[in-house]
Amino acid sequence: MAVFVSVTMPDGRSWTPKFVGEINQEKCIGCGRCFRVCGRDVLQLVGVTEDGEFIPVQLGADDDDDEEEYERKVMTIANQMNCVGCEACSKICPKDCYTHAPMSAE
Ligand code: SF4
Ligand code: SF4
């Protein structure tokens, strides 16, 4: 049987974090909601150019100039190892873009 990383909470219950796996960039609308709720510096908003290249974009910045450089914005996972598996990003996402999974403890 698979054994997953879990933590024991102060009241003794066990909790199995589900770590961020992928963001479906076909569905993502680049709204930034997930970025705002993640407290672990995991995510990075990027602009996607005509050639499919990613340009890092500051959320909320005045990007009038940059808008000519990219066609749309999507969220990416920049620092996956920072994730603590809280799933806040997934819960707030209006497009159901996220997949999460527990981590094997073996
Ligand atoms: S699961 Fe939590 S820590 Fe991980 S990317 Fe989502 S909001 Fe950040
Ligand atoms: S909340 Fe969902 S749709 Fe919005 S930027 Fe994050 S992944 Fe994309």
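User: Where is I29 found?
Analyst: In this predicted model, I29 is found in the loop between β3, residues 19–23, and α1, residues 33–37.

User: And is I29 buried, partly exposed or exposed?
Analyst: I29 counts as partly exposed, because its relative accessibility is 49%, and the cut-off for exposed is over 50%.

User: Which residues is I29 in contact with, leaving aside neighbours within four places in sequence?
Analyst: With those neighbours set aside, I29 is in contact with K73, P94 and K95.

User: What about C-alpha distances from I29 to other parts of the chain?
Analyst: Two can be given: the C-alpha atoms of I29 and C93 are separated by 9.8 Å, with their positions 64 residues apart along the chain, and those of I29 and G47, which are 18 residues apart along the chain, are separated by 11 Å.

User: Where does C93 lie, and is C93 buried or exposed?
Analyst: C93 lies in the loop between α2 and β7, and C93 counts as buried because its relative accessibility is 16%, with the cut-off for buried set at under 20%.

User: Let's step back to the whole protein; how many helices and strands are there, and in what order do they run?
Analyst: The protein has 2 helices and 7 strands, and from the N terminus on the elements run β-β-β-α-β-β-β-α-β.

User: What box do the C-alpha atoms fill, and what share of the residues is buried?
Analyst: Taken along the principal axes, the C-alpha atoms fill a box of roughly 55 × 25 × 20 Å, and buried residues make up 27% of the 106 residues in the protein.

User: What share of the contacts joins residues at least 24 apart?
Analyst: If one takes the contacts between residues at least 6 apart in sequence, 69% of them join residues at least 24 apart.

User: And the surface and the charges, what are the numbers there?
Analyst: The protein exposes about 7,200 Å², of which carbon and sulfur atoms supply 48%. As for charges, there are 10 positive and 19 negative ones, and their mean positions are 14 Å apart.

User: On to the sheet: what is the strand order in the open sheet of 3 strands?
Analyst: The order in that open sheet is β5-β4-β6, and the pairing is antiparallel. The edge strands are β5, residues 54–56, and β6, residues 72–77, each of which pairs on one side only. From one strand to the next, the twist averages 45°.

User: How many bridges join β4 to β6, and which residues stand opposite each other?
Analyst: Strand β4, residues 43–48, is joined to β6 by 6 bridges, and the two run antiparallel. Among the facing pairs, Q44 of β4 stands opposite T76 in β6, while V46 has V74 in β6 as its bridge partner.

User: And on the β5 side, how many bridges are there?
Analyst: β4 and β5 pair in the antiparallel sense over 3 bridges, and the bridge partner of G47 in β5 is I55.

User: How many of the residues in β4 are buried?
Analyst: 5 of the 6 residues in β4 are buried, so that by the cut-off of under 20% relative accessible area this strand is mostly covered.

User: Which residue has a positive phi in the hairpin of β4 and β5?
Analyst: That is G52, which takes a positive phi near 85° in this hairpin, where 5 residues lie between the strands.

User: Which residues have a positive phi although they are not glycine?
Analyst: Two can be named here: E87, with a positive phi of about 70°, and D96, with one of about 55°. E87 is found in the loop between β6 and α2, the latter being residues 88–92, whereas D96 lies in the loop between α2 and β7, residues 98–101.

User: Is D96 buried or exposed?
Analyst: D96 counts as exposed, because its relative accessibility is 54% and the cut-off for exposed is over 50%.

User: Last one: where is N82, and what does N82 touch?
Analyst: N82 has its place in the loop between β6 and α2, and, not counting residues up to four places away in sequence, N82 touches R40, D41 and V42. The C-alpha atoms of N82 and L43, 39 residues apart along the chain, are separated by 9.6 Å. At 26% relative accessibility, N82 counts as partly exposed.

Conventions:
Residues are numbered from 1 along each chain as its sequence is written. Chains are lettered from A and ligands numbered from 1 in the order in which they are written. This is a predicted model: local features need pLDDT of at least 70, side-chain atom pairs count only at pLDDT 80 or more; totals for chains, interfaces and linings use all residues. Side-chain values use heavy atoms; hydrogens and water are left out. Helices (H or I, at least four residues) and strands (E, at least two) are DSSP runs, numbered from the N terminus. Buried means under 20% relative accessible area, exposed over 50%, partly exposed in between (1.4 Å probe, protein chains only). Contact means heavy atoms within 4.5 Å. Accessible areas come from the Shrake-Rupley method with a 1.4 Å probe; for residues, only the protein chains shown count as cover. Lys and Arg count as positive and Asp and Glu as negative; His and the chain ends are not counted. The place of a charge is taken as NZ of Lys, CZ of Arg, CG of Asp or CD of Glu. Two strands pair if DSSP finds at least two bridges between them. Axes are lines fitted to C-alpha atoms, for helices over the stretch in contact, and angles run from 0 to 180 degrees between N-to-C directions.
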